[in-house]
Amino acid sequence: MQNHHDLKVRAGRDIRLDLWLAAELDTSRSSVRKAVKEGRVFVNGQPVSKAGHLLQEGDNLQVEAPSLIHLTPVDMHLDILYEDDQLLVVNKPAGLLVHPSGNDGEPTLVHGLLAHTRLSAGSEYYRPGIVHRLDRDTSGALLVAKTDRAHVKLAAGFQSHRFLRRYLTIVEGCLPFAFHRVQAPIGRITGHPFKREIKPEGRLAISDIDCLAYSEGYSLAAVRLWTGRTHQVRLHMAHLGHPCLGDWLYGEKRTDLGFKGQALHSWELQFTHPETNRLITIFAPPIGVMEKALLDHFSYYHF
């Protein structure tokens with residue numbers, strides 16, 4: 001959806017705009033929803049506010065191209081945990097976007113990485129090098145590709161769930177187990193741009209949860225992902241009745257222990273090097289508000 005499009009509904013009535021437009025432009029429904037949200041889709045000259053808008057025969061549609069995002073390198077401190085000529089692993093701080101999502105000029109990790117090194121082309125022009133993602137308020141280990149060859153191999157490893165990812169999280173209440181496997185499918189919430197929910201028809205999602213410690217009504221847990229669904233750790237913990245602290249999307253609007261976003265840290269990352277085939281394991285030390293919370297309330301547990 002990089003060009004301006006003028007389209008006409010030739011036949012049919014009460015057709016969902018997102019379904020019809022995705023088929024016409026051979027793109028994803030999420031791309032259509034993003035275009036609608038950004039005010040770039042017009043029906044008969046009027047901007048559309050809902051991706052589920054019902055089209056009628058004879059309707060004229062216009063889809064405007066998105067504003068280009070400028071990727072100007074920005075010098076910033078990067079906590080590099082591992083680096084070679086093919087890839088690097090960075091310890092991302094909470095509050096920093098991984099890549100730009102709009103033309104608002106906010107520096108992101110990608111801007112900082114471009115000032116540090118070359119990056120692979122990536123799956124989209126505005127997120128070079130990014131093999132997987134972390135939410136803005138999630139800190140920790142993020143794998144970045146420097147070459148296109150490395151990117152393809154690393155992305156395949158994530159998609160096939162061959163790489164190990166383990167997160168640290170502090171959750172509300174005392175977990176009633178030492179170990180527990182959650183197998184709860186995750187799907188989109190109709191009409192919501194990014195929120196997910198547990199639903200029978202959703203995609204398979206499996207998490208292994210180890211309760212590491214308790215302190216003052218909170219639990220510290222390590223969560224191993226066997227699948228990689230959007231918001232998987234956050235949803236599975238909320239599903240158990242113990243949402244991540246600070247997770248206003250799936251829990252209560254609280255700021256316990258100083259968290260203003262979900263208490264979630266990408267702690268361990270294990271992957272096969274795309275060139276040497278060596279198994280590499282990286283542990284990311286907790287940083288920022290997560291580090292402070294662990295020192296203040298779980299100081300007997302060392303990372």
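A residue is called buried when its relative accessible area is under 20%, exposed when that area is over 50%, and partly exposed in between. With that in hand, I would like to take you through the structure on the screen, which is a predicted model.

I begin with charged pairs. The structure contains 19 salt bridges, and I shall present a few of them. In one, Glu197 pairs with Lys199, and their closest N and O atoms lie 3.6 Å apart. Which of these partners is buried, and which is partly exposed? Glu197 is partly exposed, because its relative accessible area is 31%. Lys199, at 15% relative accessibility, is buried.

Both residues of this pair also meet a glycine. Gly187, in strand E12, residues 186–188, is in contact with Arg196, Glu197, Lys199 and Gly202, once its neighbours within four places in sequence are set aside. Gly187 has a relative accessibility of 11%, so it counts as buried. Its C-alpha atom is 8.8 Å from that of Arg229, a residue 42 places away along the chain.

A second salt bridge joins Arg234 to Asp247, with 2.8 Å between the closest N and O atoms. This pair connects distant parts of the chain: Arg234 belongs to helix H5, residues 232–239, while Asp247 sits in the loop between H5 and strand E16, residues 264–272, and the two are 13 residues apart. Here both partners are buried, since the relative accessible area is 7% for Arg234 and 0% for Asp247. The pair does not stand alone, for salt bridges with shared partners unite Arg133, Asp135, Arg234 and Asp247 in one network.

A third salt bridge is formed by Glu252 and Arg254, whose closest N and O atoms are 4.0 Å apart. Arg254 is partly exposed, because its relative accessibility is 28%.

Let us return to helix H5. How many of its eight residues are buried? Six are, so the helix is mostly covered. Those buried are Gln232, Val233, Arg234, Leu235, His236 and Met237. Just after H5 comes Gly241, with a positive phi of about 85°.

Positive phi values also appear in two residues that are not glycine. Leu257, in the loop between H5 and E16, has a phi near 60°. Asp14, in strand E2, residues 13–16, has a phi of about 55°. Both count as partly exposed, because the relative accessibility is 25% for Leu257 and 39% for Asp14.

Next, a charged residue without a partner. Arg224 lies in strand E15, residues 218–225. Where is the nearest side chain of opposite charge? That side chain belongs to Asp208, 6.1 Å away, and Arg224 has no salt bridge although it is buried. The reasoning is brief: a salt bridge requires the nitrogen and oxygen to be within 4 Å. Beyond its neighbours up to four places away in sequence, Arg224 touches Leu164, Arg165, Arg166, Ile206, Ser207 and Asp208.

I turn now to the cysteines. A disulfide is a covalent bond between the sulfur atoms of two cysteines. How many disulfides does the model contain? The count is zero. Why does Cys174 form none? Its sulfur is 7.9 Å from the closest cysteine sulfur, that of Cys211, which is too far for a bond. Cys244 is likewise in no disulfide, and the nearest cysteine sulfur to it, also that of Cys211, is 13 Å away. As for their surroundings, Cys174 is partly exposed, at 45% relative accessibility, whereas Cys244 is buried, at 0%.

Finally, a pair of helices. Two packed helices are described by the angle between their axes and the distance between the axes. Helix H1, residues 17–25, packs against helix H2, residues 29–37, at an angle of about 115°, and the axes are 9 Å apart. The crossing of H1 past H2 is right-handed. On the H1 side, the residues that meet H2 are Leu17, Asp18, Leu19, Leu21 and Ala22; on the H2 side, they are Arg29, Val32, Arg33 and Val36. When you look at such a list, recall that an α-helix has 3.6 residues a turn, so residues three or four places apart point the same way.

To close, I would ask you to remember two contrasting arginines: Arg234, which forms a salt bridge with Asp247, and Arg224, which is buried yet has none. Thank you for your attention.

Definitions and conventions: Residues are numbered from 1 along each chain as its sequence is written. This is a predicted model: local features need pLDDT of at least 70, side-chain atom pairs count only at pLDDT 80 or more; totals for chains, interfaces and linings use all residues. Side-chain values use heavy atoms; hydrogens and water are left out. Helices (H or I, at least four residues) and strands (E, at least two) are DSSP runs, numbered from the N terminus. Buried means under 20% relative accessible area, exposed over 50%, partly exposed in between (1.4 Å probe, protein chains only). Lys and Arg count as positive and Asp and Glu as negative; His and the chain ends are not counted. Contact means heavy atoms within 4.5 Å. A disulfide is a pair of cysteine sulfur atoms within 2.5 Å. Axes are lines fitted to C-alpha atoms, for helices over the stretch in contact, and angles run from 0 to 180 degrees between N-to-C directions. A crossing is left-handed if the near helix is turned anticlockwise from the far one by less than a right angle, and right-handed if clockwise.
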